[in-house]
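This report describes how parts of one protein chain pack together and where its backbone takes a less common form. Please look at the model before reading on.

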Amino acid sequence: MLQYITAKEAAEKWNISQRRVSILCAENRIPDVAMLGNMWIIPRDAEKPTDARKLKPTKAPKGTHPFVKWAGGKGQLLDVLHQNLPDGIGTTITKYAEPFVGGGAFLFSLLTQYTFEEVYICDNNKELINTYSTLKTNCEECIDLLQQLQTEYYTLENLEQKQNFYYEKRERFNVLMLSEETKIEKASLFIFLNKTCFNGLYRVNKSGKFNVPFGKHETPTICDVDNLTLISHALQNVVIRACDYHDVLSFADEHTLVYIDPPYRPLNATSGFTSYTEDQFNDQNQIELADMYKELSTMGAKVMLSNSDPHNVDENDNFFDDLYAGFTIVRVDASRMINSKGSSRGKIKELLIKNY
Ligand SMILES: C[S@@+](CC[C@H](N)C(=O)[O-])C[C@H]1O[C@@H](n2cnc3c(N)ncnc32)[C@H](O)[C@@H]1O
């Protein structure tokens, strides 16, 4: 039976940093490593890998998951999304694009199962994308700042003190938003606020200031070192852009799988949370998005799109059936329940629209 040592022990034995050991484990560069909880363990007789830092496209290790909670996150729909993938990933399909990446639940899940030669993500939330880019290029510094924030937060004695700390950091984030100089600090604050605010929401007011209230969490996990390290590894081969979704047209081709998860069309005027950034995503935007979907299809890309199903509240509302006539429209169970009284209470459906 294999005997294991911890990442700390391996780091001492090989005279490298513990974080470097985690990266080597994440890159599958040490045979037979395993995870115990969220810690790597390494076979006692494993040899120190040679230092080939150049990263090639590799699968992300199992367990890599979003670094933020995000409205509309696809964590609950992963199985359905995987079941609906096209054939040919890894053979005819060598590129992956996600133009409304948000928290990236599907991105990370996909990267743990398939190897792509090129991967592209974008979102028009600049601060979210700054955090992705920082984790890609300056993960260690970001982790250090986040660990300091976590230590300070945990040291505070009661919720009132934590609340004051939260609002101080929120204010600091809003000041930094105007600056291009402090990308790493901003990224660490972005993650800190996501973990400590109300419900992991990201909402800004009319002048673009983040305004989500305190979440009253006593000891949330603010700095998950192992996952952030895995994320950084997974992002090495990824093109990351802060821009409008149309930009994906410059990346996609007939070898590309594109997953589109836009802000959902609200089921009724008041039910929708669609304000991720200053801009709303209205019906006209949904129509323009369908035009791009068709353009991608004409290029030969494989495209899968998620949206809400208007039939949940109005059987005669065929907005998406009409917009995507001619494509495959699958109605899938979502995890949410319809929020209404009496007999119509039930599992809500969502749409998955495929061009294959
Ligand atoms: C439904 S969320 C995506 C959720 C994501 N799939 C997840 O698992 O977390 C929609 C995302 O689209 C972004 N977005 C909204 N309008 C956009 C636009 N015009 N171009 C690019 N991204 C946009 C929002 O910032 C938000 O992150």
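## Helix packing and backbone in a predicted model

Helices H2 and H9 cross in a right-handed way. The model is a predicted one. H2 covers residues 18-26 and H9 covers residues 225-235, and their axes come within 10 Å and cross at roughly 55 degrees. An angle from 65 to 115 degrees would count as roughly perpendicular, and one under 35 degrees as roughly parallel. H2 and H9 are therefore oblique to each other. On the H2 side, the contact is made by Arg19, Ser22, Ile23 and Ala26. On the H9 side, it is made by Asp226, Thr229, Leu230 and His233. By class, the residues of this contact of H2 with H9 are three nonpolar, three polar and two charged.

H2 also has a buried part, made up of Val21, Ser22, Ile23, Leu24, Cys25 and Ala26. The cover over the buried residues of H2 includes H1, strand E3 (39-43) and H9.

### A second helix pair

Two packed helices are described by the angle between their axes and the distance between the axes. For helix H7 (residues 159-176) and H8, the angle is about 140 degrees and the axes are 10 Å apart. H7 and H8 are therefore oblique to each other. H7 passes H8 in a left-handed crossing. From H7, the contact uses Tyr166, Lys169, Arg170, Arg172, Phe173 and Leu176. These meet Glu185, Lys186, Leu189, Phe190, Phe192, Leu193 and Thr196 of H8. Sorted by class, the contact of H7 with H8 has seven nonpolar, one polar and five charged residues.

### Positive phi values

Most residues other than glycine have a negative phi. The table lists residues that depart from this pattern.

| Residue | Phi | Place |
|---|---|---|
| Asn15 | near 60 degrees | loop between helix H1 (7-14) and H2 |
| Asn28 | near 60 degrees | after H2 |
| Lys216 | about 60 degrees | loop between helix H8 (183-196) and H9 |

Are Asn15 and Lys216 buried or exposed? A residue counts as exposed if 12 or fewer other C-beta atoms lie within 10 Å of its own. Asn15 has 7 other C-beta atoms within 10 Å, so Asn15 is exposed. Lys216 has 12 other C-beta atoms within 10 Å, so Lys216 is exposed as well.

### The core and an exposed loop residue

The largest nonpolar core has 75 residues. Which of them touch the most other members? They are Ile121, Cys142, Leu146, Val248, Val258 and Val303. Leaving out residues up to four places away in sequence, Val303 touches Val258, Ile260, Tyr293, Leu296, Ser297 and Asn355.

Glu315 lies in the loop between strand E8 (302-308) and helix H11 (319-323). Glu315 has 8 C-beta neighbours inside 10 Å, so Glu315 counts as exposed. Along the chain, Glu315 and Arg241 are 74 residues apart, and their C-alpha atoms are separated by 38 Å.

Methods. Residues numbered from 1 in each chain as written. Predicted model: local features only at pLDDT ≥ 70, side-chain atom pairs only at ≥ 80, totals over all residues. Axes fitted to C-alpha atoms, helices over the stretch in contact; angles between N-to-C directions. Helix = DSSP H or I, 4+ residues; strand = E, 2+ residues; numbered from the N terminus. Parallel < 35°, antiparallel > 145°, perpendicular 65-115°, else oblique. Left-handed = near helix turned anticlockwise from the far one by under 90°. Contact = placed C-beta atoms within 7 Å. Nonpolar A, V, L, I, M, F, W, Y, C, P; charged D, E, K, R; others polar. Core = buried A, V, L, I, M, F, W, Y, C linked by C-beta atoms within 7 Å. Buried ≥ 20, exposed ≤ 12 C-beta atoms within 10 Å, placed from the backbone.
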